Amino acid sequence: MLDNIRTIPVVSSADLDADVHSTFARYRSSFPFVTLDTGGSIVLRHDDVARLMSDSRLQATDIAMPVQAGITEGVLYDIFAHGMLTANGEVHARRRSAISRALANQVLDRFRQHLRQAATALIDASYESGRLELASGYAAKLPILALAGLLEVPDADLPAFPRDVYAMNAFFRPNPSEDAVADAETAALRVRNYLDALLAKAEANQSQGFLAQYLRFAEDDELSRSEVLVQIIQLIIGGTESVRTALIAQTVQLLSHPDQWRSVCADPTLVANAVAEGMRLEPGIAGVVRVSVQDIELDGWTLPAGQLVLLSAISALRDDRVFDRPDVFDMLRPNLRLTRLAFGGGAHKCVAEAMGRAELEEGLLILAERLPGLELENVPAFQGHMFVRKAGECWVRWER
Ligand code: HEM
């Protein structure tokens with residue numbers, strides 16, 4: 001059976017960088033997966049991706065990725081070695097539990113109110129200029145302000161906090177340079193030390209906030225200090241670029257379809273639909289990466305054991321077996337609930353999905369409320385087919 005792997009097409013990263021959607025579409029009808037020229041396989045079809053997210057023959061990657069990049073110590077290494085995202089089984093469940101319970105205890109209405117205030121302040125700051133670069137002026141800032149609110153980062157520590165966060169995140173973008181990796185390690189150390197101090201303050205003040213609650217749950221679960229810190233760092237990593245890209249994607253899609261933008265402005269109950277459809281067309285996270293521990297049969301082909309496997313959300317969410325006219329933005333499509341695949345599935349399903357959705361919905365709601373005459377000046381490129389995705393510069397304008 002292994003022979004058939006030779007006839008599975010090899011897709012180049014360059015083709016995926018140039019046009020990920022049509023490259024995947026070209027292969028999806030004939031093959032359930034393709035091989036990537038840089039190694040590993042990419043699963044393409046919706047039903048396979050959805051099912052395999054909960055399949056124990058695919059395991060989280062543990063420390064394989066930093067080791068492959070030549071990193072065997074330091075904070076970046078610890079993020080993999082002590083984090084939930086890369087852990088399996090009992091270890092994963094123990095690391096995830098405290099964060100999950102502390103997030104569940106947050107009052108979502110209060111969080112949404114905080115987001116509304118933050119989004120309004122961002123628009124107020126550039127309202128008079130009549131134009132805004134959406135990525136740097138809005139979409140990158142809103143998730144940072146959301147996290148800063150959750151972690152009780154004092155105003156005085158903004159803007160150092162976002163600078164360090166985005167420098168750390170650079171490690172997780174496609175093909176980081178050596179300099180970016182070195183800078184990411186320095187920034188990750190600063191973030192970890194800063195969080196350590198925030199935790200100490202929350203302990204000393206006996207606050208009732210997220211951090212204090214998390215610490216109590218983490219103590220019950222006997223997490224080490226490094227595990228405690230790394231799970232918060234993973235919240236920060238997981239909750240920044242993914243939201244930034246999705247915020248830009250949904251705005252671009254809506255402004256490219258003025259009739260649907262006007263509908264959202266007139267009827268805010270459509271915001272959740274617009275968010276879901278925006279994520280379907282350009283998900284913030286490309287897919288989930290696993291390693292196969294056994295052969296897996298897919299449609300008569302064998303996905304061999306011992307490989308990196310990407311379960312591609314980008315491809316799955318445009319599969320025409322499931323989504324009618326998959327390349328068209330239609331926020332009234334009947335099966336929008338299937339777009340939840342953008343948040344993953346199985347044991348590692350996004351631990352902060354409610355928070356992520358709230359950020360995307362409130363971010364859109366405030367734009368629609370404050371700037372109904374918003375127009376797109378340029379359509380940015382969306383890039384990345386492995387981990388977090390990136391959107392290019394995107395200028396928008398409005399009449400004052
Ligand atoms: C548009 C927004 C978001 C998208 C598309 C998204 C997507 C995802 C996906 C696909 C996974 C599964 C990864 C895997 O199985 O390997 C995941 C997990 C995770 N996400 Fe999100 N996410 C978003 C927002 C957030 C936010 C706001 C946070 C934190 C504040 C966050 C934190 C995490 C963490 C910590 C995990 C790891 C869970 C685990 O391994 O058990 N995400 N997310």
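The questions and answers below go through a predicted model of one chain and the grounds for the terms applied to its parts.

Q: What makes the radius of gyration of the chain agree with that of a compact globule?
A: A compact globule of 400 residues would have a radius of gyration near 21 Å, and the chain has 21 Å, so the two agree. The C-alpha trace spans about 60 × 55 × 40 Å along its principal axes.

Q: How many of the residues count as buried, and what is the cut-off?
A: Buried means under 20% relative accessible area, and 56% of the 400 residues of the chain count as buried. The accessible surface comes to about 17200 Å², with 52% of that belonging to carbon and sulfur atoms.

Q: What share of the contacts joins residues at least 24 apart in sequence?
A: Among contacts between residues at least 6 apart, 73% join residues at least 24 apart. The chain that makes these contacts has 18 helices and 13 strands.

Q: How far apart lie the centres of the positive and negative side chains?
A: The chain has 39 positive and 53 negative side chains, and the centres of the two sets are 3 Å apart.

Q: Why is leucine 16 called buried?
A: The relative accessible area of leucine 16 is 2%, and the cut-off for buried is under 20%, so leucine 16 counts as buried. Leucine 16 lies in helix α1, residues 13-18. Leaving aside residues up to four places away in sequence, leucine 16 touches Val11, Thr23, Phe24, Leu36, Ile42 and His385.

Q: Which residue, 368 residues apart from leucine 16 along the chain, has its C-alpha atom at 7.9 Å?
A: That residue is glycine 384; 7.9 Å separates its C-alpha atom from that of leucine 16.

Q: What makes both faces of strand β2 covered?
A: In β2, residues 33-36, Phe33 and Thr35 on one side are buried, as are Val34 and Leu36 on the other. Leu36 is also among the residues that leucine 16 touches.

Q: How do you know in which sense β2 pairs with β1 and with β3?
A: With strand β1, residues 10-11, β2 shares two bridges in the parallel sense. With strand β3, residues 41-43, β2 shares three bridges in the antiparallel sense. Two strands pair if there are at least two bridges between them, so both β1 and β3 count as partners of β2. Threonine 35 of β2 stands opposite valine 10 and also opposite serine 41 in β3.

Q: What joins β2 and β3 in the hairpin, and which residue in the turn has a positive phi?
A: Four residues lie between the two strands, and glycine 39 in the turn has a phi of about 115 degrees.

Q: Why are β5 and β10 called edge strands?
A: The open sheet has three strands in the order β5-β13-β10, with antiparallel pairing. Strands β5 (131-133) and β10 (375-376) each pair on one side only. β10 is joined to β13, residues 395-397, by two bridges, and arginine 397 in β13 is the bridge partner of glutamate 375.

Q: Why does aspartate 299 count as exposed and aspartate 62 as partly exposed?
A: Exposed means over 50% relative accessible area, and partly exposed lies between that and the 20% limit for buried. Aspartate 299 has 55%, so it counts as exposed. Aspartate 62 has 41%, so it counts as partly exposed.

Q: Where are these two aspartates found, and what is the phi of each?
A: Aspartate 62 is in the loop between β4 (58-59) and α4 (64-68), with a positive phi of about 50 degrees although it is not a glycine. Aspartate 299 is in the loop between β7 (296-298) and β8 (301-303), and its phi is positive too, near 50 degrees.

Q: Why is glutamine 250 called buried or exposed?
A: Its relative accessibility is 1%, and the limit for buried is under 20%, so glutamine 250 counts as buried. Glutamine 250 is found in helix α14, residues 241-256. Not counting residues up to four places away, glutamine 250 touches Ala274, Val275, Gly278, Leu360 and Leu364.

Q: What makes helix α9 mostly covered?
A: Seven of the ten residues of α9 (141-150) are buried. These are Leu142, Pro143, Ile144, Ala146, Leu147, Ala148 and Leu150. Just after α9, glutamate 152 takes a positive phi of about 55 degrees.

How values were computed: Residues numbered from 1 in each chain as written. Predicted model: local features only at pLDDT ≥ 70, side-chain atom pairs only at ≥ 80, totals over all residues. Heavy atoms only, no water. Rg over C-alpha atoms; globule rule 2.2 N^0.38 Å. Buried < 20%, exposed > 50% of the residue type's maximum accessible area, 1.4 Å probe, protein only. Contact = heavy atoms within 4.5 Å. Areas by Shrake-Rupley, 256 points an atom, 1.4 Å probe, with all protein chains shown as cover. Lys, Arg positive; Asp, Glu negative; His and termini not counted. Charge placed at Lys NZ, Arg CZ, Asp CG, Glu CD.
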